[in-house]
Amino acid sequence: MAKSQPWQGIPTRVSVEEFKQFVLPHLSTGSRGPAPKLSLHAIFNYILGCQWKELPIEKDREGRPEVHYTRIYSAFRRWEADGCMAAIFAGSVVKLHQDELLDITVIHGDGTTTAAKKGGDNLGFSGHKKVKGDKVVAFCDRNCNVIAPFVSALGNRNESPLLRDALPVLTRIARAIGMDLRGAIVSLDGVYDCRANRKAIFNRGMIPNINPNSRRRKTPKRGRKPFFDPAIFEERFNTIERVFGWEDKFRRLLLRFDRISQLHYAFKTLAYTMIDLRHYCRN
């Protein structure tokens, strides 16, 4: 299980060398027109900052802002449309797998809800959280590394059916980078306890470790009891819940400010990428 280490702070900026190694190979660049005055490395670090209008833009020699925040926004929109954010995340998972930093003997999954104060698309009112927003379901390994793209839904959707949409995404990226998930234990909360979810996990060669949901039964359920290891389940508070806590380190994701959901999800993908790259990047 993951242990706290003082050097494993979540990076919010990348150096030039780290940018060239982990980010630049996956970015789309223009082939016509004049060369940009601001480097792609500087633009990417600005994207990792706070809200667009609150970006701390550096001054040039004449004391004027070196770039307007709308230029940063345009570059982000272009990279999101070209699929660069998803490619950067996939590249980080590949790097972790090549360096044997992934521990997929146990895979922890859970969902998280983000409140949207300014409205937008793909939103719903969550009666449990008492907020209007959206939710995602993500997976991480025992070392708090996000290993698969998340699946998003409206805030009023039940998380249990979302698992059956998230598992194919997990197996697809595992197949792409050469990870063998057979025999891995998938640890989940009681909200995912149903026959369909257990069957979906078994069909992929994995073992479900789901906290039994009694559903207010007055007597124990008949039949053979499914596998459940409480010690493995307790790891979720130091793994997937820690990942969601690290995600809130990025102020832009603590509340959803973007009305367009695709932009919000691109920022969330970048946050999970930086969580994975904490092994290589230093603040």
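This is a short walk through the confidence, helix packing and pockets of the structure above.

Let's start with how far the coordinates can be trusted. The model is predicted, and the protein chain has an average pLDDT of 88, with 96% of the residues scoring at least 70. Within the chain, strand β5 (residues 185-188) has the highest confidence, at 95, while α9 has the lowest, at a mean of 83. As a reminder for reading any such model, predicted coordinates should not be read in detail where pLDDT is low.

With that in mind, turn to the helices, and take α3 (residues 69-81) as your landmark. On one side of the story is α2, whose axis comes within 10 Å of that of α3 and crosses it at roughly 90°. Since angles of 65 to 115 degrees count as roughly perpendicular, that crossing makes α2 roughly perpendicular to α3. In the contact, α2 contributes Leu 40, Ile 43, Phe 44, Tyr 46 and Ile 47, which meet Ile 72, Ala 75, Phe 76 and Trp 79 of α3. The residues of this contact comprise 9 nonpolar ones, with no polar and no charged residues.

Helix α3 also packs with α10: the two axes come within 11 Å and cross at roughly 85°. Here too the angle makes α3 roughly perpendicular to its partner, α10. From α3, the contact uses Tyr 73, Phe 76, Arg 77 and Glu 80; from α10, it uses Gln 262, Leu 263, Ala 266, Phe 267 and Leu 270. The makeup of this contact is 6 nonpolar, 1 polar and 2 charged residues. If you are following along in the viewer, Phe 76 is a handy residue to select, as it appears in the contact with α2 and in the contact with α10.

Now for the pockets. The largest holds about 680 Å³ of space. It is lined by 21 residues, and those closest to its centre are Arg 198, Lys 221, Arg 224, Lys 225 and Pro 226. Helix α6 (residues 195-202) supplies the largest share of this lining, 3 residues. By type, the lining divides into 8 nonpolar, 4 polar and 9 charged residues.

The second largest pocket, with a volume of about 410 Å³, brings us back to the helices we have already met. Its lining has 21 residues, with Thr 12, Asn 45, Leu 48, Gly 49 and Cys 50 nearest the centre. The elements giving two or more residues to this lining are α2 (40-47), α9 (251-254) and α10 (261-276), and α2 provides the largest share, 4 residues. The lining of this second pocket is made up of 12 nonpolar, 3 polar and 6 charged residues.

Technical notes. Residues are numbered from 1 along each chain as its sequence is written. This is a predicted model: local features need pLDDT of at least 70, side-chain atom pairs count only at pLDDT 80 or more; totals for chains, interfaces and linings use all residues. Side-chain values use heavy atoms; hydrogens and water are left out. On a 1 Å grid over the protein atoms alone, a cavity is a set of points where a 1.4 Å probe fits but cannot get out, and a pocket is an open set with protein on both sides within 12 Å along at least five of seven lines; lining residues have an atom within 4 Å of a point. Grid points are joined across faces, edges and corners, and a volume is the space filled by probe spheres set on the points. Ala, Val, Leu, Ile, Met, Phe, Trp, Tyr, Cys and Pro count as nonpolar, Asp, Glu, Lys and Arg as charged, and the others, Gly among them, as polar. Axes are lines fitted to C-alpha atoms, for helices over the stretch in contact, and angles run from 0 to 180 degrees between N-to-C directions. Angles under 35 degrees count as roughly parallel, over 145 as roughly antiparallel, 65 to 115 as roughly perpendicular and the rest as oblique. Contact means heavy atoms within 4.5 Å. pLDDT is the predictor's confidence in each residue, from 0 to 100.
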